[in-house]
Amino acid sequence: MFETIAAGFLCLAMNVYHEAKNQPFEGQIAVAQVVLNRVEDKRFPNTVCEVVEQGPIYESWKTRNDASLSEKERVYWPVKNRCQFSWYCDGKSDKIREHEAWKNAMMAAAIANSSDTEDITLGATHYHATYVKPEWASTKRKTTQIGDHIFYVWE
């Protein structure tokens with residue numbers, strides 16, 4: 001699927017903002033790198049926005065009940081609290097409220113997306129906060145910890 005550079009950058013920056021705005025700048029870069037690592041991994045979608053928005057969806061009742069609509073006209077919503085990145089489907093507003101944090105998120109996304117930037121996650125495709133223990137963590141290899149996030153490779 002085609003994705004413009006601007007759309008991909010915006011999705012990447014939004015993910016950094018919502019997932020890591022309270023983390024050190026290095027941790028924000030690392031979160032962006034996980035998304036980019038997923039784009040390169042065949043087990044995940046192949047665009048930044050598709051990776052960020054990945055998760056189960058359901059069709060809106062408004063379009064589901066209209067058999068005359070084409071697929072392009074149908075409206076789909078993410079299943080609450082079931083997305084790969086929690087902020088995307090937590091039901092809360094995604095509005096940018098902290099402008100300094102937004103600037104940092106955009107800078108982290110740009111640095112992570114640069115071909116000159118070393119992958120500080122060591123190829124990680126997953127991460128979680130230190131205060132949670134997801135079931136999947138035991139099936140992945142830990143690569144590093146940056147700030148409040150632990151990073152993993154899916155081998």
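Where in the chain is the place of N81? In this predicted model, N81 is found in the loop between strand 2 and helix 5, and its backbone deserves a second look, since phi of N81 is near 60 degrees, a positive value in a residue other than glycine. Most residues other than glycine have a negative phi. N81 counts as exposed because its relative accessibility is 55%, and the cut-off for that class is over 50%. A second residue of this kind is L122, which is not a glycine and yet has a positive phi of about 60 degrees. L122 belongs to the loop between helix 5 and strand 3, and with a relative accessible area of 54% L122 is exposed.

The loop that holds N81 also takes part in a contact between charged side chains. Side chains of opposite charge can pair when their charged atoms come close. Five salt bridges are found in a search of the whole structure, and one of them joins the side chains of E98 and K21, with 3.6 Å from N to O. This pair links distant parts of the chain, for E98 is in the loop between strand 2 (76–78) and helix 5 (99–113), while K21 is in the loop between helix 1 (5–20) and helix 2 (25–40), 77 residues apart. Both partners fall into the intermediate class of accessibility: E98 is partly exposed, with a relative accessible area of 41%, and K21 is partly exposed as well, with a value of 32%.

Helix 5 itself carries another salt bridge, in which E100 is joined to K103 with the closest N and O atoms 3.8 Å apart. Here the partners are neighbours on the helix, because E100 and K103 are three residues apart in helix 5 and are thus separated by about one helical turn. E100 counts as exposed, at 51% relative accessibility, whereas K103, with a relative accessible area of 46%, is partly exposed.

A further salt bridge lies toward the other end of the numbering, where R141 meets E155 with the closest N and O atoms 2.9 Å apart. R141 sits in strand 4 (residues 141–146) and E155 in the segment after strand 5 (149–153), so that the pair links distant parts of the chain, 14 residues apart. R141 is partly exposed, with a relative accessible area of 40%, while E155 counts as exposed at 65% relative accessibility.

The aromatic residues offer a second set of contacts. A pair of aromatic rings is described by the distance of the centres and the angle of the planes. The whole structure holds six aromatic pairs, among them the edge-to-face pair of Y17 and W102, whose centres are 6.0 Å apart and whose planes are 80 degrees apart. Because Y17 lies in helix 1 and W102 in helix 5, this pair ties together parts that are 85 residues apart in sequence. Both Y17 and W102 are buried.

F44 and W154 also form an edge-to-face pair, with 5.6 Å from centre to centre and 75 degrees between the planes. F44 lies in the loop between helix 2 and helix 3 (48–52) and W154 in the segment after strand 5, so this pair ties together parts that are 110 residues apart in sequence. F44 is buried, with a relative accessible area of 9%, but W154 is partly exposed at 30%. The ring of W154 has a charged partner too, for the charged end of R43 sits over it, 4.2 Å from its centre. Elsewhere, ring pairs link F85, Y127 and F151 into a cluster.

F85 leads on to the largest pocket, which has a volume of about 760 Å³. Its lining is made up of 29 residues, and H18, E19, F85, S86 and W87 are those that lie nearest its centre. Helix 1 and strand 3 (126–129) each supply at least two residues of this lining. By character, the lining of the largest pocket divides into ten nonpolar, nine polar and ten charged residues.

Beyond strand 3, in the loop that leads to strand 4, is Y131, which counts as exposed at 69% relative accessibility. The C-alpha atoms of Y131 and H149 are separated by 8.9 Å, although these residues are 18 residues apart along the chain.

Definitions and conventions:
Residues numbered from 1 in each chain as written. Predicted model: local features only at pLDDT ≥ 70, side-chain atom pairs only at ≥ 80, totals over all residues. Heavy atoms only, no water. Salt bridge = Lys/Arg side-chain N within 4 Å of Asp/Glu carboxyl O. Helix = DSSP H or I, 4+ residues; strand = E, 2+ residues; numbered from the N terminus. Buried < 20%, exposed > 50% of the residue type's maximum accessible area, 1.4 Å probe, protein only. Phe/Tyr/Trp six-rings, centres within 6.5 Å; stacked < 30°, edge-to-face > 60°. Lys NZ or Arg CZ within 6 Å of the ring centre and 35° of its normal. 1 Å grid on protein atoms, 1.4 Å probe; cavity = no way out; pocket = protein on both sides within 12 Å on 5 of 7 lines; lining within 4 Å. Points joined across faces, edges and corners; volume = space filled by probe spheres on them. Nonpolar A, V, L, I, M, F, W, Y, C, P; charged D, E, K, R; others polar.
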